[in-house]
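Hi everyone, thanks for coming. I'd like to take a few minutes to walk through one model and its ligand, so let's put it on the screen.

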Amino acid sequence: MAAVIGFLGAGNMGAAIIGGLAAVPGVSALAYDVDAAKTDALAAKGLAQKAASPEALAAGSDYIVLCVKPQYLTGAMQALVLALRPETTVCSIVAGVTVARLKELTGGRCPVVRIMPNTPALVGAGQFALCLDDPALAAGQKAFVGELFAKLGRTYVLEERFFDAFTGLAGSGPAYVLHFMEALIESGVYMGFPRDKATDIVIGLFAGTAKLAAQSGLHPSVLREMVTSPAGTTIEGLMHLDRMAVRAAIIDAAVASRDRSRELG
Ligand SMILES: NC(=O)c1ccc[n+]([C@@H]2O[C@H](COP(=O)([O-])OP(=O)(O)OC[C@H]3O[C@@H](n4cnc5c(N)ncnc54)[C@H](OP(=O)(O)O)[C@@H]3O)[C@@H](O)[C@H]2O)c1
């Protein structure tokens, strides 16, 4: 794979993706940000070249990744759109911006890809939903985008109608996991552990359990049964969670997030 990937916006997500692509042979990054300090820092580390303007970014990129906040997207695209070349593919990670809206913002000048990442992308462990529904996308462009984001984490090619559900499950998902982590840390503090020790134990608990689920080849239900002895300590704790309807509350949380994403979209 060989291409110049242009980044409009080099904040948290833009910089994380640029950092993740640094080790990919043949791929080089070009970046434009209104905050020049951000692109200066990336250039100083040799991670990206700095584009002098949005027009220069459009002229010099084979693929452009839009990484600005939703409220700045329309203004940012006005500076870029007339310089877009038909052979360039415009990818967007901007939450809630549909393929139809991306076609409007690009004036129909080039193919577009909608992408939904999640925050573990900041440490190279993201999940990316890719919407390749735009009929203007060539097979080679679809394959390239798939391969590129697979270098940064797990990718899921989804029809756009699944994007709100992906947002509810994996986009907001890190917050649910962190919420549960916070609660368990508080339980450790309540039972007498110093806060830093409780935090360390809980982070290790989640990392180890995730590794077990990923590597054992066993379904989470089977792994949960393995730790649940008859009349033991774990069933006592699980019974309490079930009396509190925690499972239903978690399902309702993801569905509520999906519904909110639909409202905003
Ligand atoms: N972070 C997440 O968990 C997450 C998850 C899914 C999707 N996303 C999407 O990722 C996108 C980026 O999020 P982020 O957290 O990386 O935001 P961020 O840290 O604010 O980065 C955006 C960058 O774009 C710059 N910018 C603003 N207007 C610009 C313009 N006209 N041209 C070029 N650069 C401009 C901003 O500069 P200033 O700071 O000076 O404004 C900032 O440096 C958002 O659309 C968000 O919806 C984020």
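Before we look around the ligand, one definition: I count a residue as near a molecule if one of its heavy atoms lies within 4 Å of it. Please also keep in mind that this is a predicted model.

Let's begin with the whole chain. There are 265 residues, and buried ones make up 37% of them. The secondary structure comes to 12 helices and eight strands, and the C-alpha trace spans about 70 × 40 × 35 Å along its principal axes.

Now to the ligand. Where does the ligand sit? In the second largest pocket. Two elements give two or more residues each to the shell around the ligand: α1, residues 12-21, and α4, residues 70-80. Of these, α4 gives the most to that shell, with three residues.

How many residues surround the ligand altogether? The count is 22, and the closest are M13, D33, K38, V68 and T119. By character, the shell divides into 14 nonpolar residues, four polar and four charged.

Let me zoom in on some side chains. D33 places a polar side-chain atom 2.7 Å from an oxygen atom of the ligand. For K38, a polar side-chain atom lies 2.9 Å from a ligand oxygen. K69 also has a polar side-chain atom facing us here, at 3.4 Å from an oxygen atom of the ligand. As for cover, the ligand taken alone exposes 900 Å², and the protein buries 79% of that.

That's my tour, and I'm happy to rotate the view for anyone.

Notes. Residues are numbered from 1 along each chain as its sequence is written. This is a predicted model: local features need pLDDT of at least 70, side-chain atom pairs count only at pLDDT 80 or more; totals for chains, interfaces and linings use all residues. Side-chain values use heavy atoms; hydrogens and water are left out. A polar contact is a pair of N or O atoms within 3.5 Å; within protein, one must be able to donate a hydrogen and the other to accept it, and residues adjacent in sequence count only if both atoms are side-chain atoms. Accessible areas come from the Shrake-Rupley method with a 1.4 Å probe; for residues, only the protein chains shown count as cover. On a 1 Å grid over the protein atoms alone, a cavity is a set of points where a 1.4 Å probe fits but cannot get out, and a pocket is an open set with protein on both sides within 12 Å along at least five of seven lines; lining residues have an atom within 4 Å of a point. A molecule sits in a cavity or pocket if more than half of its atoms lie within 2 Å of its grid points. Helices (H or I, at least four residues) and strands (E, at least two) are DSSP runs, numbered from the N terminus. Ala, Val, Leu, Ile, Met, Phe, Trp, Tyr, Cys and Pro count as nonpolar, Asp, Glu, Lys and Arg as charged, and the others, Gly among them, as polar. Buried means under 20% relative accessible area, exposed over 50%, partly exposed in between (1.4 Å probe, protein chains only).
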